[in-house]
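Let's take a walk through this fold together, one element at a time. Please keep the sequence and the coordinates open as you read.

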Amino acid sequence: MTASVPNIRHLAALVATVRYGSLTRAAKAVNLTQPALTQAIARLESDLGCVLFERCTAGMTPTEAALLLSPRAEAALAHIGSSRVTATQLRAFSALARAGSYAGASEETGLSAASLHRAVADLGVALGQRLVDRRGRSILLTPAGERRAKGFGLALAELRSGLDEVAAWQGKAAGRIVIGAMPLSRAAWLPQAMLRFRAEAPAVALSVVEGSHAELAGPLREGDIDLMLGALRADSALDDLAQEPMFEDRPALIMRAGHPLAQAAAMDGAALAQCEWILPGRETPLRGYWEVMMRTLGVEPPAIAIECGSVMTIRQLLVASDALTILSPAQLAVELDAGLLVAVPPPVPVARTIGVTTRLGWRPTATQARFIAILREVAEEDFA
């Protein structure tokens, strides 16, 4: 994700020139000579393959490309937080933070371990902060390093978006959307949206990162993921994330065909409490809904036989045992259609809100916004 990082000083030159409309004032703002700033703009134009400013006697007039890139560059510079950081240092430290070792970062970036050591050491000197502690062959980020890693990740996300917007303006095939997908979204909603989006924008790459909310929220906050799909949370700890509801999912009790409870006229709390249950972790909304259901039926939730969030594993366990789970029928549609499993409405109706989670204040590109619009369309047409 960090293969192409524009020169940081060139980006600062762009932002200042757009802001002031004058080479003289912009050069003073970024502490460059006027010839150096002119050269920085020219190099950035060469790298992008487009003109960023119209030169005239009245000053520097930004083109549409400059107006697209400048706000992203300004936001990236704010996240980087220092004019001393170079693109090489940004790339090296971001890779190291993700990989957790110099060997892993070397494999990701193609840079030698020696180059990475030097870049990270120089970054620490430039910032006046210790960013990394060694733990054998691995590394551990210091608190300052963790803050810098998050800022650099968000900066890279802004730069990717800005470069994608410029490329789209140029009519070039470009762009990539990284989607964090929790289990329910992967069953039908996301695949349908991806197929519809690909029909409209075949040149845009889609990357799906699977995981739980706990596994995906960090990469979302740090800019590695653009948006996250799945069950929404009612949690004050998410005050830095924005959630948009898309549809209501109504989970059912899932069990093997021929299960003793499959044909029961009614299910009471005592019968359900005697069953073995396979459920996701305590931090998930589904687990919370199950606990509310059991207490509403007048029994305390029993101990969980197997705690598991993998639908594939749960499927196999259900087919071969008398265990129960509570899941959306869409997640096990193949097994239900084949008659291997059956879905029974729970004695207490359960509903959970499914939607899109993004960073608070996130500004999607036109391409990203269109993908979210398609997610809304599919949710309304097929899941409302």
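At roughly what angle do the axes of helix H10 and helix H16 cross, and within what distance do they come? Before the answer, please note that this is a predicted model. Two packed helices are described by the angle between their axes and the distance between the axes. Here H10 (residues 189-200) and H16 (residues 366-383) have axes that come within 9 Å and cross at roughly 130 degrees. Since angles over 145 degrees count as roughly antiparallel and 65 to 115 as roughly perpendicular, H10 is therefore oblique to H16. The crossing of H10 past H16 is right-handed.

Now look at the side of each helix that faces its partner. From H10, the residues in contact include Trp-189, Leu-190, Met-194 and Phe-197. Among those they meet in H16 are Phe-371, Ile-374, Leu-375 and Val-378. Charged residues take part too, including Arg-196 and Glu-200 in H10 and Arg-370 and Asp-382 in H16. By class, this contact of H10 with H16 has 11 nonpolar, two polar and six charged residues.

Next, turn to the strands. Strands of a sheet pair through backbone hydrogen bonds, either parallel or antiparallel. One open sheet has three strands in the order E12-E9-E13, paired antiparallel. Strands E12 (325-327) and E13 (341-344) each have a single partner strand, so they stand at the edges and one side of each has no neighbour in the sheet. From one strand to the next, the twist averages 40 degrees. Four bridges link E9 (residues 252-256) with E13 in the antiparallel sense, and you can find Met-255 with its bridge partner Val-342 in E13.

Strand E14 (residues 352-359) is worth a stop as well. Seven of its eight residues are buried, so E14 is mostly covered. E14 pairs antiparallel with strand E7 (residues 227-231) over four bridges, where Met-228 has Thr-357 as its bridge partner. Strand E8 (residues 241-249) also runs antiparallel to E14, joined by eight bridges; there, Phe-247 is partnered with Ile-354.

Finally, go back towards the start of the chain, to Leu-14 in helix H1 (residues 8-20). Leu-14 has a relative accessible area of 0%, which means that this residue is buried. Beyond residues up to four places away in sequence, Leu-14 touches Ile-41, Leu-44, Leu-52, Phe-53, Ala-66, Leu-69, Ser-70 and Ala-73. Leu-14 and Glu-74 lie 60 residues apart in sequence, yet their C-alpha atoms are 9.0 Å apart in space.

Terms used: Residues numbered from 1 in each chain as written. Predicted model: local features only at pLDDT ≥ 70, side-chain atom pairs only at ≥ 80, totals over all residues. Heavy atoms only, no water. Axes fitted to C-alpha atoms, helices over the stretch in contact; angles between N-to-C directions. Helix = DSSP H or I, 4+ residues; strand = E, 2+ residues; numbered from the N terminus. Parallel < 35°, antiparallel > 145°, perpendicular 65-115°, else oblique. Left-handed = near helix turned anticlockwise from the far one by under 90°. Contact = heavy atoms within 4.5 Å. Nonpolar A, V, L, I, M, F, W, Y, C, P; charged D, E, K, R; others polar. Pairing = 2+ DSSP bridges. Buried < 20%, exposed > 50% of the residue type's maximum accessible area, 1.4 Å probe, protein only.
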